[in-house]
Amino acid sequence: MEPEQFQDVFQRLEAEVQKVIVGHNDVIRKVLVAFFAGGHVLLEGVPGLGKTLLVKSLSQALGMTFKRIQFTPDLMPSDIVGTEVLADTNGRREFQFKRGPIFAHVVLADEINRATPKTQSAVLEAMEEKQVTVFGESHILESPFMVLATQNPIELEGTYPLPEAQLDRFFFKLLVAPPAPPELREILRRTTGTEVADIVKVLPEDGGKLFKEMMLLVRQVMIAPPIEDYVVRLVHATQTTSQNGGQASLKQYIRFGSSPRGAQSVILGAKGHALVDGRVHVSYEDVEKVVFSALRHRIILNFQAEAENVSSDQIIAEVIKQVARD
Amino acid sequence: MASFANPRERVPPESLIKQVTAVLRHHALWDSLLIIVPPVLALIYGLVFLRRGAWIGDLTFVLTVSSITGLGLLAIFLRVRPRIPSAATVARLADEKSGAKDHFLTLSTIDPVTCQRSFLERLRREAAIFSERIELKRDFPYQPKRGSYGSVVGSLIVAAFIYFVAPLAEPMLRAAPVHERIREMAEKMAERPKLKGIAEALKALVAKIEDPKAPDEEKQKLVQEIEKQIAEQQKQEQDKNDRELLDQAANQLGGAEQQQSASGKDQQKDQQNGAGGIQSNLPQDNQGESKQSQGGGESKGERTAELSQDMQQGKSAQGNPKETGQDKNQPNQSETKNSQPDPSQPGKDQNKQKADKNQGGSKDGAGRNQASEEPPPQNVAPGERLYKNGEGKEGLKGARYVTVQLPEDVAAEVKGESMTGKESKGNRVGAKVPVSNVPLPAHVSNAAMEKQQSLMGRGV
């Protein structure tokens with residue numbers, strides 16, 4: 001596959017999603033970048049911003065199987081991964097594995113923080129290993145597999161914040177902001193009239209093959225050693241718990257810094273961005289475009305940061321300011 | 001992708017990086033040159049000034065200039081080397097100037113083995129397009145750093161100081177050699193008709209001084225002669241200016257004489273050191289010793305004469321046996337000391353002459369070793385007369401001398417004519433050799449006053 005072909009597919013996918021979703025172009029692009037990088041995305045935003053619609057539209061544009069799981073406190077792991085059921089086959093009764101909703105190309109885990117940790121952890125293996133184990137038997141998930149989880153930053157009562165380990169498995173955490181007035185006007189125009197958007201499937205029938213080629217292309221994008229070093233220094237600057245890591249001014253706010261998965265996400269995300277931009281090499285700009293999405297959920301702030309209302313994004317902005325490119 | 005209105009001949013991005021690296025290397029070199037070379041030149045100029053003023057010799061000058069130049073070159077090398085930008089730095093600069101998105105950086109730093117060839121070719125093509133935007137002279141002009149200005153200005157100030165101010169202080173500070181000053185003096189005197197003769201003599205002296213082979217004695221003799229000439233001329237001279245010139249010449253000659261005598265002493269010292277000679281601090285100390293031992297006296301010459309008389313009476317091992325015999329007939333010798341030479345007492349006269357000699361030539365009052373057949377050296381302290389060749393005044397520090405006159409037989413032994421070293425030593429130790437610091441008995445008129453008074457008190 002040629003980079004131009006990637007760029008073409010990507011732009012068409014963006015265009016299809018944008019038929020339904022007004023604004024949030026950056027979110028759409030990053031979701032697609034994460035998709036082609038083989039990652040999962042956590043979308044955070046107040047209700048009614050079109051998070052679920054975005055994911056649905058994306059799956060439609062991709063032409064892949066889509067499942068939605070509404071996480072609730074009484075949701076059980078078996079409700080997600082599936083379970084063994086007694087079935088009657090040719091007069092014989094035997095246990096058969098009934099696949100759960102996790103067996104899809106695109107899975108929407110809506111309000112993931114409302115499920116119990118036990119249920120949340122059921123998604124953990126699926127996200128990382130691309131397989132689930134039920135009654136000692138492993139079942140491979142179809143490729144491509146992407147979990148798009150949403151969570152509501154308000155109404156935290158009765159919720160179970162995702163543990164750090166699970167947060168780390170998300171490639172990007174994207175913040176879905178409320179629409180600006182022109183965007184809101186457009187939303188109203190589209191949703192309150194008779195006009196219905198028709199999303200066209202972008203990927204062909206053998207979309208899986210094309211998807212794999214696109215994933216490979218993302219990984220083939222060149223990155224200069226100095227830019228790699230820059231990413232390393234950025235991530236290292238957040239690691240205040242390590243002996244020599246961390247910026248002194250940030251140590252007071254950070255409980256845990258980014259894991260190596262953070263650096264992986266930054267580089268893969270930057271590579272995806274470079275391809276979308278029509279380049280076959282990563283630039284510093286690409287890195288800085290994705291570093292917030294890749295690291296914000298991986299930096300665990302302490303009580304002082306919460307007390308002073310310091311966000312992860314502020315920390316990352318400070319890190320970028322302090323870490324020189326050379 | 002960016003497109004360009006006036007595409008020129010495309011420069012391969014790798015060569016552009018090399019060109020920019022070379023330009024920046026030159027910039028670093030110029031910076032270092034501008035910072036280091038001016039102080040080096042100022043230092044060399046200072047050295048030239050010192051050389052011109054004869055403060056330093058040729059060898060010192062050459063060595064110092066070479067060292068400073070070498071150090072300057074080393075400093076330039078050490079300063080330039082870390083300032084040569086790396087390929088990544090140059091590539092980033094090229095990216096900035098051309099508006100590329102890290103094309104040059106990736107191209108110059110990535111390992112071609114780890115990336116796809118098609119991607120690399122694509123990157124090279126894109127970078128080549130961006131390289132057209134770069135013009136070396138426009139985008140990478142040389143701008144001297146602030147330190148360069150400081151260095152140049154500072155060095156110029158130092159050089160100007162040396163050029164304008166230091167020559168004013170030069171006459172005060174200059175310490176030209178004596179012969180140079182004498183030469184100048186001679187040139188001044190040569191302009192005066194009356195002093196031409198002295199001027200010629202001074203020039204001759206300078207020639208002698210400058211001649212390393214000329215013996216010091218000769219130089220000293222010449223200096224003394226010119227001093228005499230000057231002294232005579234000074235007496236005759238009426239012109240105030242001429243008299244001043246003569247005064248100055250006399251002073252310079254005084255300096256030259258001191259220099260010559262100092263060099264003579266040095267030579268003597270060198271000789272002594274070379275021969276392992278004996279050193280001595282004797283002259284003044286020995287004078288005191290002599291006085292004490294001899295119980296006082298009117299003069300050193302008299303004391304020597306008296307001592308000789310005493311010795312002739314058997315109190316001294318020195319003296320001629322004939323004289324001793326004659327002296328025995330004259331018990332009261334105190335009466336004859338310092339008296340006119342008596343034709344009837346040749347030995348005594350001889351002693352008297354000896355004493356006079358000592359008086360004229362020395363002040364320490366020490367007698368001469370008569371056992372030595374060598375003629376006594378002139379203008380030498382009596383204490384030093386005892387030295388053999390190679391021995392000297394400075395030979396033995398803290399040494400005290402006594403004047404000993406050995407009887408002939410002992411003197412013969414000392415000369416080693418009849419004995420071997422060991423025998424001679426043993427006999428010498430065993431021999432009762434009287435010495436001059438033996439207190440004189442009270443009945444001798446030259447004895448210490450307190451002794452004589454004690455005798456008088458007892459009615460003797």
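**Note on the predicted two-chain model**

1. In S8(A), the residue that bridges to Leu43(A) is Thr150(A). The model is a predicted one, and this pair is a convenient place from which to read the sheet of chain A. Leu43(A) also has a bridge partner in S9(A), namely Leu174(A). The pairing that holds Leu43(A) and Thr150(A) is that of strand S1 (residues 41–44) of chain A with S8(A), which is parallel and extends over 4 bridges. A further bridge between these strands links Glu44(A) to Gln151(A) in S8(A). S1(A) pairs with S9(A) as well, again in the parallel sense and over 4 bridges.

2. Taken as a whole, the sheet is open and consists of 5 strands of chain A in the order S2-S5-S8-S1-S9, with parallel pairing. Its edges are strand S2 (66–70) and strand S9 (172–175) of chain A, each of which pairs on one side only. On average, and with direction ignored, neighbouring strands of this sheet are turned by 20 degrees against each other.

3. On the S2 side of the sheet, S2(A) and strand S5 (residues 106–110) of chain A are paired in the parallel sense over 5 bridges, and Arg68(A) stands opposite Leu108(A) in S5(A). S5(A) in turn runs parallel to S8(A), to which 4 bridges join it; here Val106(A) is placed opposite Met146(A) in S8(A).

4. Strand S8 (residues 146–151) of chain A deserves separate attention, since it is mostly covered, with 6 of its 6 residues buried. Met146(A), Leu148(A) and Thr150(A) point one way from the strand, while Val147(A), Ala149(A) and Gln151(A) point the other way, and all of them are buried. Two of these residues have already been met as bridge partners: Thr150(A) with Leu43(A), and Gln151(A) with Glu44(A).

5. What lies in the loop between S8 and helix H6 (164–168) of chain A that merits inspection? One residue placed there is Leu162(A). Leu162(A) has 23 C-beta neighbours inside 10 Å, and because the cut-off for burial is 20 or more, Leu162(A) counts as buried. Leaving aside neighbours within four places in sequence, Leu162(A) is in contact with Ile112(A), Asn113(A), Gln120(A) and Leu167(A). Leu162(A) and Gln151(A) are separated by 11 residues in sequence and by 9.6 Å in space, taken from C-alpha to C-alpha.

6. Turning to the helices of chain A, helix H1 (residues 3–20) and helix H2 (residues 25–37) pack at an angle of about 135 degrees, their axes lying 10 Å apart. Oblique is the term for angles between 115 and 145 degrees, and H1(A) and H2(A) are therefore oblique to each other. The crossing in which H1(A) passes H2(A) is right-handed. On the side of H1(A) the contact is made by Phe10(A), Leu13(A), Glu14(A), Val17(A) and Gln18(A), and on the side of H2(A) by Asn25(A), Ile28(A), Arg29(A) and Leu32(A). By residue class, this contact of H1(A) with H2(A) divides into 5 nonpolar, 2 polar and 2 charged residues.

7. The chains may be set side by side in general terms. Chain A has 13 helices and 11 strands, whereas chain B has 19 helices and 0 strands. Of the 326 residues of chain A, 44% count as buried; of the 460 residues of chain B, the buried share is 26%. Where contacts between residues at least 6 apart in sequence are considered, 75% of those in chain A join residues at least 24 apart, and for chain B the corresponding value is 70%.

8. Finally, how many residues does each chain bring to the contact between them? Chain A and chain B contribute 13 residues each. On the side of chain A that touches chain B, helix H9 (225–238) and helix H11 (284–295) each supply at least two residues, and the largest share, 3 residues, comes from H9(A). The residues on this side of chain A comprise 7 nonpolar, 4 polar and 2 charged.

Notes
Residues are numbered from 1 along each chain as its sequence is written. Chains are lettered from A and ligands numbered from 1 in the order in which they are written. This is a predicted model: local features need pLDDT of at least 70, side-chain atom pairs count only at pLDDT 80 or more; totals for chains, interfaces and linings use all residues. Two residues are in contact if their C-beta atoms, placed from the backbone, lie within 7 Å. Ala, Val, Leu, Ile, Met, Phe, Trp, Tyr, Cys and Pro count as nonpolar, Asp, Glu, Lys and Arg as charged, and the others, Gly among them, as polar. A residue is buried if 20 or more other C-beta atoms lie within 10 Å of its own, exposed if 12 or fewer, and partly exposed in between; C-beta atoms are placed from the backbone. Two strands pair if DSSP finds at least two bridges between them. Axes are lines fitted to C-alpha atoms, for helices over the stretch in contact, and angles run from 0 to 180 degrees between N-to-C directions. Angles under 35 degrees count as roughly parallel, over 145 as roughly antiparallel, 65 to 115 as roughly perpendicular and the rest as oblique. A crossing is left-handed if the near helix is turned anticlockwise from the far one by less than a right angle, and right-handed if clockwise.
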